[in-house]
Amino acid sequence: MNLKWKNVTCAVAATVALASGVASGAAHAAELNFASWGGNYQGAIRDAWLKPFSKETGIAIHEDTDPQVAKIRAMIDTKSVTWDVVTENSARLTRGIKLGVFEKITPDMVKQDHVIANARNDYGVPSEIFSTNIGFSTQAFPAGKPQPSTFADFWDVKKFPGKRTMQDDPATVIEAALIADGVAPADVYKVLATKEGMDRAFKKIEEIKPHVARWWKSGAEPVNALGSGEVVMALGWNGRFQAGIDSGLPIAMGWGDSIAQVGYFAIVKGSPNRDAAIKLLNFMIQPKNQAEFSKYIAYGPTTEAALPLIDAKRLELLPSTTERLKNSIFLNSDFWDTNGPAITERYNQVRAR
């Protein structure tokens, strides 16, 4: 072979070998694909958990958004799973479990003995607790005068007059209605399991309907409606109310009753980076890291071991303190997965009348 062409051939071969090595190395580099719901929530996850985890482990995290259960099912069906860890609320997690899209998480994978019992799930590691409770206008109900705190207060238009806003989705509204009607929180789902109990809840909703100025769709709506004076009271999410308070709006929250919901980190079945996914879940659930998350958003930790690690003033804003959970019920996602469509249809009919 001509020496010149021999040298060229060797150079090309070396380049190909080098490129192959780089590609192979990249394929085996420690990485993880994470999907959540964007906005301040995903920003808080990034700052509290993803960045510190990457720094500690060297695992690169690629972020995506909108991990709908249907999308995950399609990935699995087409053998094109790209996500490793996704965040879901209890309702979507329940739906995903029934569709078989999440991996079961055993104690050998993630130890969860310290997690609040009502938040545990075999297919997700609880990441945070948020709640539906009362937000109210401090201009309508200033300090030094009676202020609403319970769901019964929300329904009491004589003691606390003015327009209200409630979600256009019945989950949490139905529960609040029964509690307002005198049902003990511990008995809510037992009562809702009967026709008489369901009728009782809807009768209570009919009672408050003339005073509802808005049926909100997005979590920002009740905050804006309170801030503008359109309404004086709202059923909404504590994190959204707190964001409004932090921005200077004349809003306060009542914690006499609340309905707690749980966020979860779940591993997608067929995760391409399963080992890294398990490491992230173990990192996130550590009490010190749970405490860190609450610095960025007003959601509470899922383990009581984190509470002493949170600043006392910040703790006053969170829904999962021991005292507040005494006045809370946890949303029953199995109940809503089974009964949600029929309840929603009836709820929409009531709203439309």
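Helices (H or I, at least four residues) and strands (E, at least two) are DSSP runs, numbered from the N terminus.

Q: Where in the chain does A140 lie?
A: The model is a predicted one. Helix α5 covers residues 151–155. A140 lies in the loop between β4 and α5.

Q: Why does A140 count as partly exposed?
A: A residue is buried under 20% relative accessible area and exposed over 50%, with partly exposed in between. A140 falls in the middle class because its relative accessibility is 36%.

Q: How far apart in space are A140 and E63, C-alpha to C-alpha?
A: In sequence, 77 residues separate A140 and E63. Along the principal axes, the C-alpha atoms of the chain fill a box of roughly 100 × 40 × 40 Å. Between the C-alpha atoms of A140 and E63, the distance is 43 Å.

Q: Which residues touch the most other members of the largest nonpolar core?
A: This core holds 52 residues. Elements that each supply at least two of them include β1 (31–36), α2 (39–57), β8 (251–267) and α11 (274–284). The residues touching the most other members are L32, F34, F265 and F293.

Q: How many residues are in the other core, among them A171?
A: This second core lies apart from the largest one. Its members include A171, V191, W215 and L331. The number of residues in it is 40.

Q: Which residues is F34 in contact with, leaving aside its neighbours within four places in sequence?
A: Among the contacts of F34 are the polar or charged names Q42, H62, E63, D64 and T87. The rest of the list is I45, L50, I61, V85, F265 and L280.

Q: Which residues of α6 are buried?
A: Helix α6 runs over residues 173–180 and is mostly covered, with 8 of its 8 residues buried. Just after α6, G182 takes a positive phi of about 105°. The buried residues of the helix are V173, I174, E175, A176, A177, L178, I179 and A180.

Q: What percentage of contacts between residues at least 6 apart in sequence join residues at least 24 apart?
A: The chain has 15 helices and 9 strands. Buried residues make up 50% of its 353 residues. Of the contacts in question, the share joining residues at least 24 apart is 69%.

Q: Over which residues does pLDDT stay under 50?
A: The mean pLDDT of the chain is 91, and 92% of its residues reach 70 or more. In the stretch under 50, the model has 2 contacts beyond four places in sequence. That stretch is residues 1–27.

Note on methods
Residues are numbered from 1 along each chain as its sequence is written. This is a predicted model: local features need pLDDT of at least 70, side-chain atom pairs count only at pLDDT 80 or more; totals for chains, interfaces and linings use all residues. Side-chain values use heavy atoms; hydrogens and water are left out. Buried means under 20% relative accessible area, exposed over 50%, partly exposed in between (1.4 Å probe, protein chains only). Contact means heavy atoms within 4.5 Å. A nonpolar core is a set of buried Ala, Val, Leu, Ile, Met, Phe, Trp, Tyr and Cys residues joined through side-chain atoms within 4.5 Å. pLDDT is the predictor's confidence in each residue, from 0 to 100.
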